[in-house]
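I opened this notebook to look up how some of the helices in the model meet, and then to check a few single residues. The entries follow the order in which I looked.

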Amino acid sequence: MSLHLGSWPEPQPICTSTPAPRMNKRKLPHTDDDLDDEALDQPRKLPAIGTNASSHPQPASRNKHRPSLTKPDPPRLTMPRRTTRATSAPPKPSFVAGRSTGRVASGSMRTMNTFRDLQNQVTSLESAQTANTLRIAQHMDAERAKVAEIQADHCALARELASSREAELDKRRQLVDSSEELEKLRLRHGKEILEFEMQLQKRANEIRQLSDDLRGAKEDLNREIASVASLKSMVSDQSAAQIALNAQMSALQAEKNALQSQLDTVSSTASQQNLDHESALRRIVFLEQEAREAEMVRRKLHNMVQELKGNIRVFCRVRPVLPHELASLLTSGTRSSNGSPNPEDYAKTLVADIAFPDKGDHKEIVLTSSSSSAMGQERKEVYTFSFDRVFEPESTQSNVFEEISLLAQSCVDGYNVCIFAYGQTGSGKSFTMEGGSTEVTVGMIPRAVNEVFKAADALKSKGWEYSMEGQFLEIYNETINDLLGKGEFDKKKHEIKHEKTATSASTRVTDVNVMPLRTPREVSALLRLANSRRTVAATLMNERSSRSHSVFTLRIFGRNEHTGERCEGSLNLVDLAGSERLNSSGAAGNKERLKETQNINRSLSALGDVIAALGEKGEKGEKHIPYRNSKLTYLLQHSLSGHSKTLMILNLSPLAQHLHESLTSLRFATKVNNTTVGPAKKQVRGAS
């Protein structure tokens, strides 16, 4: 009899740390071949013999009186249930012995015996099979225990292998770290060796140096020993001298005490003098402050006197000599002269002899002119002029504006203010009025506008609100041009309109652009636009000469919210064209320049006629004033007729070649300064 146990799972090649699974006993499966083999090995079972086992029942008439000849069925054999699946014999067919019983009665005992033998054999076979099954199960349990033990050993070996690998990795990492550290130690060791070698070399050098020093020290020692010997002899000599010196020292000590007492006395005196000096300095500061305040008071009083007198105030300003002018004059003078004069001496002759004797009030200017008579004798003429203020060449723009800053306040207060610059070409009129690009060189127009805005802001706390507007005109060849217009100068004919009431007087020009102004920066932009459109040309007097009169007008409208009072003021800043003779300007050869020069001189002559007429009017009473002879005088009618505070700034050139033009300008300025136009009137519109 063959018994198949089936296939067992093979042990895993790699065991994890989890414990081996518990192996339970199970039934072994049997295949079909096993069932066939087992069926062949078992004896064939015979059918039971009995009357009731037949599948064909007998008829009732035959079996009714016949007794049963069969024995009762033997007890069925019960097979113990095996724990494992086994192949059972095919089902034994149940034979019905109904018919065979009657036929074979004599062989029943034999059959029963055979059946018992077979049954005994089956029983013995089953017991043997049971024993084999138990033995196989015990063997399988032993094998399973061995497999579990092998798997446990395998897991332990796997864990040991993993730990060995981790230890190997750690050793490798330690080896790499040790290699890096060893390399670092080698590098450091090399550096230390190099440093030690350098130190060793240094020590060797020091040893050589010390050896040299020791050799020198020995030589010095020998010399010192000789010197000590000589000094000992000298000490004995000095001991005697010391006794004499001690006596002298006692005398000097007494003298020192006397001098110390004198020094204490001088120190106390010096301390007292320092205190006096500090008090004197404080006194000087106080007096200087008082002097500045007194100067401001003097200026205000002087302005009040001039306003009451009604005169046109005149300032005179002499510009400095420019470096390029002096260089060009020296070059031209050297070429024209036969000899080689000293440049410094020749430069002195190129500058006019102008003196400023009044160092206190700065009101006088003196010009000295040298000329030769027909007999060859040198003749000197001295000309002295006096004005409201004279500015020397060293004066700055701020010095000039400091004297006229009060006029800006008057403009905000409701007065008409007119400031115009007069002088020959190249005397510095445009620089005085417009200035340069830096803060130090800013001219009178931007400074006056800034001062007006500051004064307006200061009066806001008192209820005043101001609005401002500006216009910029040019009078060129007796034609009024709008410098704030668009594109080229328009063909419109601009007319001058004067409006005069009992309390105010104003001037308007028709068809011109009037720009509202809110900040001084807008005024600066407006001035740049106007200057780019102004008519200029080159003359012999100046490379860029202004060939027209420019008039900038700033109108201020004020209203007091508390009192309802209104005022209207205007600030006219005029830059007159250059005044020079035809032969000086070199315009005779150019028709356009000739016409410009004639119109400029005509308008300036008309201005002189108006000034002269105003002077005669003050002396003789009523007199016709020719304002209409020129567009310039007609535009400035209210500024010259007493309705405005008027200031003329006379600009002079310091060069000797312009001396005659300067004298002409000074004479005209003196005439203007002596002209009385009457006190200015405040332009009040009354409460509304």
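Before comparing helices I noted how an axis is taken: it is a line fitted to C-alpha atoms, for helices over the stretch in contact, and the angle between two axes runs from 0 to 180 degrees between N-to-C directions. I also kept in mind that this is a predicted model.

**Entry 1, helix 7 and helix 9.** I looked up the axes of helix 7 (residues 397-412) and helix 9, and found that they come within 9 Å and cross at roughly 45°. That angle makes helix 7 oblique to helix 9, and the crossing is right-handed. On the side of helix 7, I listed Gln-397, Ser-398, Val-400, Phe-401, Ile-404, Ser-405, Ala-408, Gln-409 and Val-412, which meet Met-444, Arg-447, Ala-448, Glu-451, Val-452, Ala-455 and Ala-456 in helix 9. Sorted by class, the residues of this contact divide into 10 nonpolar, 4 polar and 2 charged.

**Entry 2, helix 9 and helix 10.** I then turned to helix 9 (residues 444-458) with helix 10 (residues 520-533), whose axes come within 10 Å and cross at roughly 155°. Angles over 145 degrees count as roughly antiparallel, and that makes helix 9 roughly antiparallel to helix 10. I noted this crossing, too, as right-handed. Helix 9 brings Ile-445, Pro-446, Val-449, Asn-450 and Phe-453 to the contact, while helix 10 brings Pro-520, Val-523 and Leu-527. By class I have 7 nonpolar residues, 1 polar and no charged ones in this contact.

**Entry 3, helix 9 by itself.** Since helix 9 appears in both pairs, I checked its length: at 1.5 Å a residue its 15 residues should span 21 Å, and the end C-alpha atoms are 21 Å apart, which agrees. I wrote down its buried residues as Met-444, Ile-445, Pro-446, Arg-447, Ala-448, Val-449, Val-452, Phe-453, Ala-455 and Ala-456.

**Entry 4, helix 15.** I repeated the length check on helix 15 (residues 659-673), where 15 residues should span 21 Å at 1.5 Å a residue, and the 21 Å between its end C-alpha atoms agrees. Its buried residues are Leu-659, Glu-661, Ser-662, Leu-663, Ser-665, Leu-666, Phe-668, Ala-669, Val-672 and Asn-673.

**Entry 5, Asn-560.** I found Asn-560 in strand 14 (residues 549-560). Is Asn-560 buried or exposed? Its relative accessible area is 5%, and because buried means under 20%, I entered Asn-560 as buried. Setting aside its neighbours within four places in sequence, I listed Lys-462, Gly-463, Trp-464 and Glu-565 as in contact with Asn-560.

**Entry 6, the loop between strand 7 and strand 8.** I placed Asn-477 in the loop between strand 7 (464-476) and strand 8 (479-482), and Glu-478 also lies in the loop between strand 7 and strand 8. Phi of Asn-477 is near 55°, a positive value in a residue other than glycine, and phi of Glu-478, likewise positive in a residue other than glycine, is near 60°. Glu-478 has a relative accessible area of 24%, and I recorded it as partly exposed.

**Entry 7, the whole protein.** I closed with totals, counting 15 helices and 16 strands in the protein. Buried residues make up 32% of its 688 residues. Among contacts between residues at least 6 apart in sequence, 72% join residues at least 24 apart.

Conventions: Residues are numbered from 1 along each chain as its sequence is written. This is a predicted model: local features need pLDDT of at least 70, side-chain atom pairs count only at pLDDT 80 or more; totals for chains, interfaces and linings use all residues. Side-chain values use heavy atoms; hydrogens and water are left out. The expected span of a helix is 1.5 Å times one less than its number of residues. Buried means under 20% relative accessible area, exposed over 50%, partly exposed in between (1.4 Å probe, protein chains only). Angles under 35 degrees count as roughly parallel, over 145 as roughly antiparallel, 65 to 115 as roughly perpendicular and the rest as oblique. A crossing is left-handed if the near helix is turned anticlockwise from the far one by less than a right angle, and right-handed if clockwise. Contact means heavy atoms within 4.5 Å. Ala, Val, Leu, Ile, Met, Phe, Trp, Tyr, Cys and Pro count as nonpolar, Asp, Glu, Lys and Arg as charged, and the others, Gly among them, as polar.
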